[in-house]
Amino acid sequence: MTVRYPRPLRPGDRIGVTSPSSGVPEELRGRLDVAVRDLEALGYEVVVGRCMDGSTHISAPAAERAAELTEMLTDPAIRAVIPPWGGETAIDLMPLLDFEEIGRAEPTWLAGWSDISVLTTPLTLLTGVATVHGNNLMDTPYRTPEGLTSWLDIVTAAQGEPFRQTPPGRHRSGGWDDWAAHPGIRDLTLDAEGTWTRLDGTGDVDAEGRLIGGCIEILANLTGTPYLDTSRFAGSEPLLVYVEACEDNAFEICRNLHGMRLAGFFDRAAAVLVGRTHAPDSRTLTQHEAVLDALGPLGVPVIADVECGHVPPYLPLVNGARGRVVHTAARSEIVQTLD
């Protein structure tokens, strides 16, 4: 399967906003307005969809959410689709989405993370269209720390030109900003130090492959289905697989990763990147130990505490991009190329 990239966004292009999972409650509409205005200030036309209600855990019935997402992804006038954030049960869209129809349309960027992994990862695996894991719309107003990029940097980048990201060495120790009280906040709180950690051993890492991955708690529910089948993805090229835990304890993460490995998700992994997490350890098992217990048998480098998870800041990764990860005592970086 050939990876296909949507063309780069340009000022004047239209961006669609829809909530395939959870919508935005009234008290947080101010943050949504700030994010939309920021996109408009950059010269984009923003179309906010009908599925935005935040009064429950879903923005609309599944059929309506699936129809609106499909409409935006197949509309040639819409060049990117970005949800406000994740949620809980976007998995209910899977049997309602016509991936063949979406795959026949001109490729459109879809960006998001957390529960949106249930859409971005299968979309890339089933159609070959690249998607972006990182920065939902509500995160967009934050200033990007030095060394990282935002989803907007990626979807506006010229194809074929590599871009490099390096860990800033700082992250948030816990908690979230109060967007209801401060909808216009732009500075991330990065009050703790830390960089990447190799879990499987010592020594330098230099690995290359096509990127694919997402949130463990979300993707594990697709194990054994066609939606998480990596066997035909990008031919026989090696993969750089990334995973991250949102909130489940170490026992649950361990079980989920074992199941994903047994189902073949990591079979072609040249290395595995694991997002930094605040998810709890278990009494006799830490989050790092859970990962190593499940993925150690792969015999490939496993690098943890990467900024690709639920702990700010955010290091966006492109499902389908060529990636090269380097981790030594002197430097850590990931280079992605849209080719």
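What volume does the largest pocket have? Some notes on that and a few other spots, bearing in mind that this is a predicted model.

1. **The pocket.** The volume of the largest pocket comes out at about 940 Å³. Its lining counts 37 residues, and those closest to the centre are Gly86, Gly87, Ser114, Cys246 and His310. Sorted by class, the lining is a mix: 17 nonpolar residues, twelve polar and eight charged.

2. **The core.** The largest nonpolar core takes in 99 residues. If you want to start somewhere, try Trp109, Leu257, Met260, Phe266 and Val318, which touch the most other members. Leaving aside residues up to four places away in sequence, Trp109 is in contact with Tyr5, Pro6, Arg7 and Leu9, then Arg79, Ala80 and Val81, and further along Ala130, Val132, Val155, Val318 and Leu338. Note that Val318 is itself on the list of residues touching the most core members.

3. **Helix α4.** This one spans residues 117-127 and is mostly covered, with ten of its eleven residues buried. The buried set runs Ser117, Val118, Leu119, Thr120, Thr121, Pro122, Leu123, Thr124 and Leu125, plus Thr127. Have a look at Gly128 as well: just after α4, Gly128 has a positive phi of about 80°.

4. **The cavities.** There are three cavities of 30 Å³ or more in the structure, and the largest has a volume of about 40 Å³. Helices α2 (62-74), α3 (99-104) and α4 each give two or more residues to the lining of that largest cavity. The lining is made up of Leu69, Leu73, Leu97, Phe99, Ile102, Leu110, Leu119 and Leu123. By class that is eight nonpolar residues, with no polar and no charged ones. Two of the names, Leu119 and Leu123, also turn up among the buried residues of α4.

5. **Helix α8.** In this helix (residues 287-295), the buried positions are Gln287, Ala290, Val291, Ala294 and Leu295. Viewed down the axis of α8, they fall within an arc of 105°, so the buried residues line one face of the helix. As a reminder, an α-helix has 3.6 residues a turn, so residues three or four places apart point the same way. The cover over the buried residues of α8 includes α7 (250-262), β12 (269-275) and β13 (302-306).

6. **The start of the chain.** Thr2 sits in the segment before β1 (14-17). Its relative accessibility is 64%, so Thr2 counts as exposed. Although Thr2 and Arg232 are 230 residues apart along the chain, their C-alpha atoms are separated by 9.9 Å.

Definitions and conventions. Residues numbered from 1 in each chain as written. Predicted model: local features only at pLDDT ≥ 70, side-chain atom pairs only at ≥ 80, totals over all residues. Heavy atoms only, no water. Core = buried A, V, L, I, M, F, W, Y, C linked by side-chain atoms within 4.5 Å. Buried < 20%, exposed > 50% of the residue type's maximum accessible area, 1.4 Å probe, protein only. Contact = heavy atoms within 4.5 Å. Helix = DSSP H or I, 4+ residues; strand = E, 2+ residues; numbered from the N terminus. 1 Å grid on protein atoms, 1.4 Å probe; cavity = no way out; pocket = protein on both sides within 12 Å on 5 of 7 lines; lining within 4 Å. Points joined across faces, edges and corners; volume = space filled by probe spheres on them. Nonpolar A, V, L, I, M, F, W, Y, C, P; charged D, E, K, R; others polar. Arc of directions from axis to C-beta.
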